[in-house]
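Trainee: I have a structure to get through and have not looked at it before. Can we go over it together?
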Amino acid sequence: MTPKKFAYFAPASLKEAIQLLRVNEDAKVLAGGQSLIALMKLRLAAPAALVDITKTGDLLSYIREGKGHLEVGALTTHDTLERSKIINKKFPILSDAASKIGDQQIRNRGTIGGSCCHADPAADLPTALTALESEFVVRGVKGKRVIPQSKFFVDTFTTSIAKDEILTEIQIPHTPPKSGSAYIKHSRREGDFAIVGVGAVVTVGPKKVCRDVRVSLGAVASTPIRAKSAERHLKGKTLDEGNIAEAAERANEEADPPSDMHGSRQYRLDMIKVFARRALNLALSRAR
Amino acid sequence: MKLAKLTQKDDLVQIRCKVNGDAYTGTVEPRTLLVYFLRDVLNLTGTHVGCDTGHCGACTVIMDGKTVKSCMVLAVQAEGASILTVEGLAKGENLHPIQEAFWENHGLQCGYCTPGMLMSSLFLLQRNPNPTDEEIRRGIDGNLCRCTGYVNIVKSIKAAAKKMRGVEVTA
């Protein structure tokens with residue numbers, strides 16, 4: 001289908017893009033368009049105007065070292081993330097997640113910023129970024145501000161970005177040595193949205209004791225969430241199969257999953273435990 | 001600050017892009033999808049519309065070196081881009097090695113998905129000249145064949161890889 005009519009702007013700078021968002025009622029930012037254009041074609045979305053930020057002179061596709069964190073430009077594609085050496089080495093949870101999105105063509109165009117702003121609770125990168133306690137840099141008329149992950153995802157398809165702000169960068173705090181991370185997704189077919197998605201970050205201390213652990217869940221609430229109960233159970237304990245399995249049993253305590261054609265609520269609650277265990281074990285195997 | 005010229009909903013937008021090496025200009029509605037620009041404005045009907053919902057990959061073209069689903073890209077987003085469609089594969093009467101391989105290995109039945117399959121195959125082989133079966137299957141994960149002719153498609157891509165690496169192929 002063809003989208004409803006809209007006005008199209010391709011501003012030459014981010015500053016101009018922000019102005020355009022400010023003065024146009026019902027304008028949406030267009031990046032890779034792999035979620036937005038699909039929604040517009042189905043007429044589930046019909047914005048009056050699109051502001052294309054891919055043609056500004058401000059280059060927003062990069063992966064670089066910052067102060068204590070890695071900086072990922074909002075227009076970095078899933079394909080770039082999946083193939084990035086530095087991401088594979090430091091945050092394999094992100095390459096895991098990126099590699100499981102849609103298919104090759106979608107990964108070629110879809111962007112990390114677009115996925116986060118779209119805020120589908122079943123999307124892969126937001127869940128992975130939740131386990132990483134990432135921060136989101138947005139720019140608006142008054143300059144830039146940094147939104148912590150816990151304040152970024154507000155509800156299904158809803159973030160705390162204002163109408164005239166643009167997400168420009170995602171900052172991923174570095175993990176201590178002997179940390180490992182992983183993202184595992186349960187879906188019926190390759191490339192489908194997650195029935196359950198689980199991210200895990202583990203830091204191993206002396207004598208294989210769990211120094212720190214973070215578990216995130218996707219597709220089981222209105223936003224990605226943390227499985228705090230499981231985290232509390234594992235922290236300070238020896239990272240062995242028994243303790244990991246016990247923690248995974250608690251991973252669904254904060255979840256409030258929906259029932260739909262892909263799986264019932266109970267099925268999802270059960271699968272959270274299975275995939276939390278697998279994600280934790282994979283993350284642990286990568287800790288070095 | 002001078003804002004970009006304010007377009008209205010009914011305004012047409014002029015775009016320039018290169019398709020198969022030739023420069024084109026065209027006038028489109030902002031909502032025109034790239035696949036319809038290629039098919040209806042440029043008359044390049046080799047690129048097919050399959051599902052029109054971003055799932056099937058029949059409309060796959062290579063835009064600035066990367067495969068995209070042209071039903072999931074607005075024509076205006078292709079402003080300044082360089083696009084390769086299935087029409088750009090053969091050199092005159094000579095088929096591209098991937099096309100030859102699909103022909104020789106019966107890599108198509110109805111042929112509807114083939115233009116997209118060929119473009120995804122080319123992208124894959126440019127990145128990975130000697131892919132395993134597994135890598136080929138992943139490389140065409142965005143292209144559906146409703147005849148389910150995947151076995152021969154994978155075989156064709158394997159054969160094409162050999163041809164493109166200059167390995168002698170015996171039938």
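Trainee: How much of chain A counts as buried?
Mentor: This is a predicted model, and in it 55% of the 288 residues of chain A count as buried.

Trainee: And what secondary structure does chain A have?
Mentor: Chain A has twelve helices and 14 strands. Its radius of gyration is 19 Å, close to the 19 Å that the globule rule gives for 288 residues, so chain A is as compact as a globular protein of that length.

Trainee: What box do its C-alpha atoms fill?
Mentor: Along the principal axes, the C-alpha atoms of chain A fill roughly 60 × 45 × 30 Å.

Trainee: What about contacts along the sequence, what share join residues at least 24 apart?
Mentor: In chain A that share is 66%, counting contacts between residues at least 6 apart in sequence.

Trainee: Which domains does chain A have?
Mentor: The domain assignment gives domain 1 (7–51), domain 2 (63–173) and domain 3 (179–286). The C-alpha centres of domain 2 and domain 3 of chain A lie 20 Å apart.

Trainee: How many residues are in contact between domain 2 and domain 3 of chain A?
Mentor: 23 residues of domain 2 of chain A are in contact with 23 residues of domain 3 of chain A. On the domain 2 side, helix 5 (92–99), helix 8 (124–131) and strand 8 (153–155) of chain A each supply at least two residues.

Trainee: Which element gives the most there?
Mentor: Helix 8 of chain A, with six residues on the side of domain 2 that touches domain 3. By class, that side of domain 2 of chain A has 13 nonpolar, four polar and six charged residues.

Trainee: Switching to single elements: in helix 1 of chain A, which residues are buried?
Mentor: Helix 1 of chain A covers residues 14–23, and Glu16(A), Ala17(A), Ile18(A), Gln19(A), Leu20(A) and Leu21(A) are buried in it.

Trainee: What covers them?
Mentor: The cover over the buried residues of helix 1 of chain A includes strand 1 (7–9), strand 2 (27–30), strand 3 (49–52), strand 6 and strand 10 (166–173) of chain A.

Trainee: You mentioned strand 6 of chain A. How many bridges join it to strand 7 of chain A?
Mentor: Six, and the two strands run antiparallel, with strand 6 of chain A at residues 135–140. Strand 6 and strand 7 of chain A form a hairpin with two residues between them. One bridge pair there is Gly140(A) with Gly143(A), the latter in strand 7 of chain A.

Trainee: Why does strand 7 of chain A lie largely in the open?
Mentor: Strand 7 of chain A has six residues (143–148), and the number buried is zero, so it lies largely in the open.

Trainee: Next, the sheet with strands 11 to 14 of chain A. What is its order?
Mentor: The order is 11-12-13-14 in chain A, an open sheet of four strands with antiparallel pairing. Strand 11 (179–186) and strand 14 (225–226) of chain A are the edge strands, each pairing on one side only.

Trainee: How many bridges are there between strand 12 and strand 13 of chain A?
Mentor: Eight bridges, in the antiparallel sense, between strand 12 (residues 196–204) and strand 13 (residues 210–218) of chain A. Ala200(A) stands opposite Val215(A), which is in strand 13 of chain A.

Trainee: Now the other chain. What is chain B made of?
Mentor: Chain B has five helices and five strands. From the N terminus on, its elements run β-β-α-β-β-β-α-α-α-α. The radius of gyration of chain B is 17 Å, close to the 16 Å that the globule rule gives for 171 residues, so chain B is as compact as a globular protein of that length.

Trainee: What share of chain B is buried?
Mentor: Buried residues make up 44% of the 171 residues in chain B. The C-alpha atoms of chain B fill a box of roughly 65 × 30 × 30 Å along the principal axes.

Trainee: And where the chains meet, how many residues are in contact?
Mentor: 30 residues of chain B are in contact with 28 residues of chain A. On the chain B side, strand 4 (residues 66–69) of chain B gives the most, with four residues. That side of chain B has eleven nonpolar, eleven polar and eight charged residues.

Trainee: Last one: what does the model score?
Mentor: The model scores ipTM 0.93 and pTM 0.95. Chain B averages a pLDDT of 93, and 92% of its residues score at least 70.

Technical notes. Residues numbered from 1 in each chain as written. Chains lettered and ligands numbered in written order. Predicted model: local features only at pLDDT ≥ 70, side-chain atom pairs only at ≥ 80, totals over all residues. Buried ≥ 20, exposed ≤ 12 C-beta atoms within 10 Å, placed from the backbone. Pairing = 2+ DSSP bridges. Domains from an automatic or database assignment. Contact = placed C-beta atoms within 7 Å. Nonpolar A, V, L, I, M, F, W, Y, C, P; charged D, E, K, R; others polar. Rg over C-alpha atoms; globule rule 2.2 N^0.38 Å. pLDDT = per-residue confidence, 0-100.
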